[in-house]
Every structure is written in structure tokens, then in C-alpha cells.
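Trainee: I have this one open on the screen and would like to go through it with you. Can we take the overall make-up, then the strands, then the spaces inside?

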Amino acid sequence: MKRLIMFVLCFALCAGLLVFGASAETAYTVSGFAYASADGVYWFPENGIAEITPAEGYSVSAAEDGAYGSSLTLGSTNGKTIWLKHENASAQETDLSGVLMWDTAAPSGEITLPDWEKSWTSLAAEMTYDAVCWEAASVKVEAADGESGIASVEYFVADSLLSEAEIVAAEWAQYTEEITLPENQVSVVYARFTDNVGNVSYISTGGIVCYTSPGLADEVLEYYLGNPADLTTKITLNGSTVGSVTLNEEALQEGTDYVLGEDGALTFKAGWLESLSAGEHTVSVSVLPLGIETAEPDGVVIFLDVRDWGTAVRFGSVTNYVAPSGVTSAAVSFDTESSLTWAREESGGMSAWFGVDDAGEVFPDGSRFWVQWLDPKSDKTAWEQKFAAFDEIHRSAADTENVLMFNIGVTDTDGTPFGELAAPVQLYVQLDDGWDADRLHAAYIQEGTDETLLTSAISAESPGGSGKYAVLTLNHFSTYVIYLEAEQDAANDGGNAGGAETGGSAGAPKTGDESRLFLWVTVTAVTAAGSLLLTGKLKKRT
């Protein structure tokens with residue numbers, strides 16, 4: 001009988017030890033957790049309560065000698081050791097410190113602009129613009145949680161800072177790959193991180209300015225001192241704005257020194273340009289990306305090539321400029337009542353007025369009409385080469401003792417010389433009072449037969465007063481000749497000079513016969529400028 005009793009007790013004891021020696025899942029169950037990891041850990045939020053329910057036939061207590069019951073609740077501050085007791089056995093201690101875990105910290109994360117070496121790890125409290133990108137930018141979002149782990153990473157792109165309520169209510173998108181921010185826009189990127197127990201954290205960037213770098217129509221601008229016209233270039237701003245305009249770190253005054261148009265047109269005022277010295281000047285234009293003052297403004301650089309037209313010489317209301325090279329010039333201006341631009345050239349005690357009539361506005365406001373006397377006394381070789389280029393019939397007819405030549409042309413505001421003209425213009429050349437208008441002719445010198453030009457002689461008012469002028473109608477700057485038909489040839493024509501309108505030819509006067517002077521005007525094709533050849537006498541300089 002004793003042996004039977006001992007066998008029963010041993011069987012019961014052995015049965016209890018088997019139960020308590022089993023895995024935790026067979027002795028109890030856990031509920032109330034937010035997340036169960038694959039390694040058997042139950043995760044709870046900070047205020048979460050774990051409920052322990054023992055297996056059938058067991059009771060549970062938080063202490064060995066405490067009260068046992070059918071369940072036990074534990075919080076994050078409670079101990080993690082429980083006691084399980086089978087009805088036929090003594091209590092067994094079970095440590096749950098590695099099984100029940102409370103995640104009390106929100107996850108962390110980082111937003112980065114990898115190509116721009118910028119990063120953010122917190123929620124921006126105020127709007128700053130500490131990331132400026134001159135092209136579309138890619139944003140990367142990363143999260144970390146050392147406890148229950150990351151459940152989701154989401155993002156939202158705004159164009160300004162959001163309030164707390166706006167952040168919560170935003171239409172969040174799941175983050176799966178780098179976010180590309182569009183150009184010409186300010187973006188604030190928000191990220192929301194949620195861990196496996198429901199803890200949430202938010203971070204954001206400051207203002208990320210993605211813009212298109214400004215463009216410039218003309219990096220180099222040429223300006224001639226004495227030119228009354230303003231000088232304009234255009235900046236392609238792409239939504240940005242101009243911050244400041246400086247020369248040698250000295251700020252220019254808007255409205256006085258320059259004017260900025262809404263379309264990005266930057267106009268330097270002639271009054272300011274006239275204050276510059278001849279030479280190269282660098283103007284720096286700062287550009288505020290999308291109109292925002294940032295720590296890293298962009299900008300463009302404009303090089304001003306200021307050239308000197310020469311010393312200003314005034315004749316009443318007319319200003320000429322005489323350069324050291326002997327070029328006399330005047331600015332074409334639309335601000336005057338007359339469409340004529342006058343230049344007075346002189347040499348060897350003689351002078352003449354030259355005028356270009358731009359009634360059709362072929363030349364822009366501020367372009368340069370210029371004349372240069374070719375004096376054989378200063379450069380005989382050059383003079384002879386120029387003279388030798390004319391046709392033999394003209395050279396043999398000319399009185400070489402009374403030949404005066406000029407270079408003549410019009411230069412655009414950017415320094416480009418005019419060649420073919422968009423519309424005819426008239427050239428005025430002052431004649432001596434003794435010239436016979438009936439014998440005045442002009443021709444365009446070309447290979448083969450010279451082309452007769454429409455020519456007339458009129459009385460006109462110049463800045464030097466009234467006088468007689470040969471008037472040529474020009475379609476381009478090339479080689480021309482003006483001359484007087486010899487008196488004998490005119491007589492043979494029955495008194496008809498055979499002028500330009502009739503296409504008559506001109507005879508050659510006798511060399512040295514001052515009563516039969518003729519006027520040559522040539523405009524060479526070299527660089528679309530011209531040479532003006534006069535044989536005869538001009539007015540004495542006054």
C-alpha cells in the first residue's frame with residue numbers, strides 16, 4: 001500500500017514539474033499587447049497593461065507567497081517576475097522581463113538632401129530658407145526605433161510651415177523612395193514616423209528653395225561715352241527677383257542709375273554710364289531665388305566695355321566727338337525735332353558738315369554716325385592706296401591737288417557697323433557755294449558699269465548755318481562718287497547736265513581748273529563703313 005501511495009505522489013509531482021518545465025506559451029498566455037515580435041517578445045505602449053492568464057489548472061501571482069488567481073495585470077512600472085502554481089504542485093517562478101516590453105520613446109528620423117549636404121532631425125519651429133538648390137532636388141527620409149521598431153514612414157510636401165492641426169490632418173503618403181522636389185518652388189517636407197506600439201513623431205525641413213538659375217541675354221555690353229541712349233540687357237529670372245546691382249561693391253540706385261522691368265529687362269541709364277571711365281567695368285547683379293532672401297543668393301555678372309568716342313565738341317545744340325584717331329562722330333537721337341544727325345569734320349584749315357537723314361528710323365536711337373578725314377599729309381601711303389582703288393576713269397578725271405577723302409559709316413549701339421540698310425537713307429555733304437548744281441552727279445562704284453545714284457543739290461540748314469548740300473540716297477554703305485560734269489561736256493549736251501535722274505555720263509574737267517571742280521564721295525565696303533572722296537575745295541574752317 002505504501003508503495004502505491006508513493007507511486008501516486010511521485011506521478012503527481014512528476015506531472016507538475018512537466019507543466020512548469022514547459023515553455024511559457026504552455027503555462028500562460030499574454031494579452032493587451034500592441035505588437036508581438038517574431039522572437040516572442042510582447043510590446044506595449046508606455047501606458048499599456050499586460051494581462052497574464054495561466055493555463056488550465058494553474059493560478060498566477062506577482063509574489064510567491066501572495067494571492068493567486070486566474071489572471072494578473074502588469075504595467076510598465078511593475079516587476080516582471082510572476083509565479084505560476086498548479087493545483088497539485090508548488091508555485092514556480094517565471095521571469096518575464098525579456099518577454100514583456102514597454103516602448104516608451106517615439107521613433108526618430110532624418111530628412112536629408114544628399115546632393116546638397118543638408119539634413120533635418122526635428123520639427124521646424126519657424127520658416128527658414130537654409131537649403132537653396134538651383135535645380136530639382138531629391139529628398140531622402142530615414143527612420144530609426146531601438147525598441148519595438150518602425151511600423152511606417154510617411155511624408156507630406158507643403159509650400160509653407162503647417163500648424164499642429166494641419167500636420168495631423170495632412171494627406172500623408174507612404175514613403176518608399178526618394179522624393180523629387182519640383183523646380184521654381186519653395187517646399188517644406190514633413191515626415192511622420194510610427195513605431196509598432198503606435199508612438200508617433202514628426203520632423204520637417206525648413207524651406208527648401210529649388211529654382212532655375214538666372215540667364216543673361218548679353219554678358220558683354222558695349223557703350224560709347226557721349227552716347228545719349230540708355231543701354232539694356234535682359235535677365236531671365238524664372239520667378240526670381242533682382243536683389244541689388246553693384247559696381248565695384250558700390251550699390252547702384254534703382255531709378256537713377258538703372259531701371260528694372262517686370263520682364264527682367266535691366267536698363268542702365270545714360271546719365272550713369274556717362275560717369276564711367278573708358279575701359280572694362282564689372283557689374284554684379286544679385287538674384288534672390290524666387291524672391292527670397294537666402295544665405296546663398298545667386299547672381300549674374302555683366303561686363304561693360306566702355307569706349308570713348310573722343311573729346312566732346314559743341315556746335316550750338318549739336319555735340320560732336322573727336323577721337324584721337326581723327327574720327328568725328330555724333331549720336332543718332334530720336335529726341336530731336338530733326339531726323340538729321342550732323343558731324344563736322346575738318347583738316348588742313350578746311351571743314352565740311354556731313355548729315356545722315358534717318359527719317360525712317362533705320363538706325364536705332366543712340367547709334368553712332370561717324371566721319372574720318374583721310375589726310376595725305378599724315379598718312380600718304382594709306383591715302384594713295386585708297387585713291388588707287390577707284391576706277392581709272394575717275395582717277396584720271398580727278399585733280400589730285402584737290403582731292404579730299406573721308407571714311408564714313410554708322411555703328412550700332414552694340415558696336416556693329418551697318419552694311420545693307422533696311423530702308424534708304426539720305427546722306428548730306430556740304431558743297432562750296434561756287435558749285436554748279438546742274439552738273440552734279442553721283443554713282444555707285446562696282447565691277448562693270450557703275451550704277452547711277454539718285455542725287456540732288458539743295459540748300460539746307462545745318463548747325464553751321466545755311467549752305468549748299470549734295471544729297472545722296474543710299475541703300476548701303478559701299479563705294480560712291482560725286483562729281484561735277486565738265487563745262488565743255490555739259491555744253492555738248494545742249495545745257496543738260498545729264499544728272500543722276502537722267503542717267504547721263506560726266507566728262508572730266510581739266511586738271512587744275514578750279515572753275516571745273518568736281519566732288520567725289522566714296523564709301524568703302526570695308527567693315528561696312530565708307531570713304532568719302534571730295535575733289536575740289538571745301539569751305540575754310542570758321
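Trainee: Before we get to E21, what kind of model is this, and how are the residues numbered?

Mentor: It is a predicted model, in which local features need pLDDT of at least 70 and side-chain atom pairs count only at pLDDT 80 or more, while totals for chains, interfaces and linings use all residues. Residues are numbered from 1 along each chain as its sequence is written, and side-chain values use heavy atoms, with hydrogens and water left out.

Trainee: Fine, so which strand does E21 pair with, and in what sense?

Mentor: Strand E21 (residues 220-225) pairs with strand E28 (residues 298-308) in the parallel sense over six bridges, where two strands pair if DSSP finds at least two bridges between them. Within this pairing, Val-220 stands opposite Phe-303 in E28.

Trainee: Is E21 mostly covered or open?

Mentor: Mostly covered, since five of the six residues in E21 are buried, buried being under 20% relative accessible area, exposed over 50% and partly exposed in between, with a 1.4 Å probe and protein chains only.

Trainee: And how many helices and strands are there in the protein?

Mentor: There are seven helices and 43 strands, both taken as DSSP runs numbered from the N terminus, with at least four residues for a helix (H or I) and at least two for a strand (E). Of the 542 residues, 47% are buried.

Trainee: What share of the contacts comes from residues far apart in sequence, 24 or more positions?

Mentor: Among contacts with a separation of 6 or more, 65% are between residues 24 or more positions apart, a contact being heavy atoms within 4.5 Å.

Trainee: Let's move to E34; which of its residues are buried, and on which sides?

Mentor: Strand E34 (residues 368-374) has seven of its seven residues buried. Arg-368, Trp-370, Gln-372 and Leu-374 are on one side, and Phe-369, Val-371 and Trp-373 are on the other, so that both faces are covered. In a regular strand the side chains alternate between the two faces of the sheet.

Trainee: Which strand pairs with E34?

Mentor: E31 does, in the antiparallel sense over five bridges, and the bridge partner of Val-327 in E34 is Gln-372.

Trainee: Now the spaces: how many cavities does a search of the whole structure find?

Mentor: It finds two of 30 Å³ or more. On a 1 Å grid over the protein atoms alone, a cavity is a set of points where a 1.4 Å probe fits but cannot get out, whereas a pocket is an open set with protein on both sides within 12 Å along at least five of seven lines, and lining residues have an atom within 4 Å of a point. The second largest cavity holds about 40 Å³ of space, and its lining consists of Val-356, Phe-369, Ile-408, Val-425, Leu-427, Leu-474 and Phe-477. Phe-369 is also one of the buried residues of E34.

Trainee: What about the largest pocket, how much space lies in it?

Mentor: About 580 Å³. Of the 23 residues that line this pocket, Ser-317, Ala-331, Ser-333, Thr-336 and Leu-340 are the closest to its centre. Strand E30 (318-322), strand E31 (327-331) and strand E32 (340-347) are the elements that give two or more residues to the lining.

Trainee: Switching to hairpins, where does the one of E17 and E18 have a positive phi?

Mentor: At Gly-198, with a phi near 100 degrees, in a hairpin that has four residues between the strands. Strand E17 (residues 185-195) and strand E18 (residues 200-204) pair in the antiparallel sense over five bridges, and Tyr-190 has Ser-204 in E18 as its bridge partner.

Trainee: Which residues other than glycine have a positive phi, for example in loops?

Mentor: Among them are Glu-117, with phi near 55 degrees, and Leu-290, also with phi near 55 degrees. Most residues other than glycine have a negative phi. Glu-117 lies in the loop between strand E10 (108-113) and strand E11 (118-120), and Leu-290 is in the loop between strand E27 (279-288) and E28.

Trainee: Why does Glu-117 count as exposed?

Mentor: Because its relative accessibility is 74%, Glu-117 counts as exposed.

Key
Grid points are joined across faces, edges and corners, and a volume is the space filled by probe spheres set on the points.
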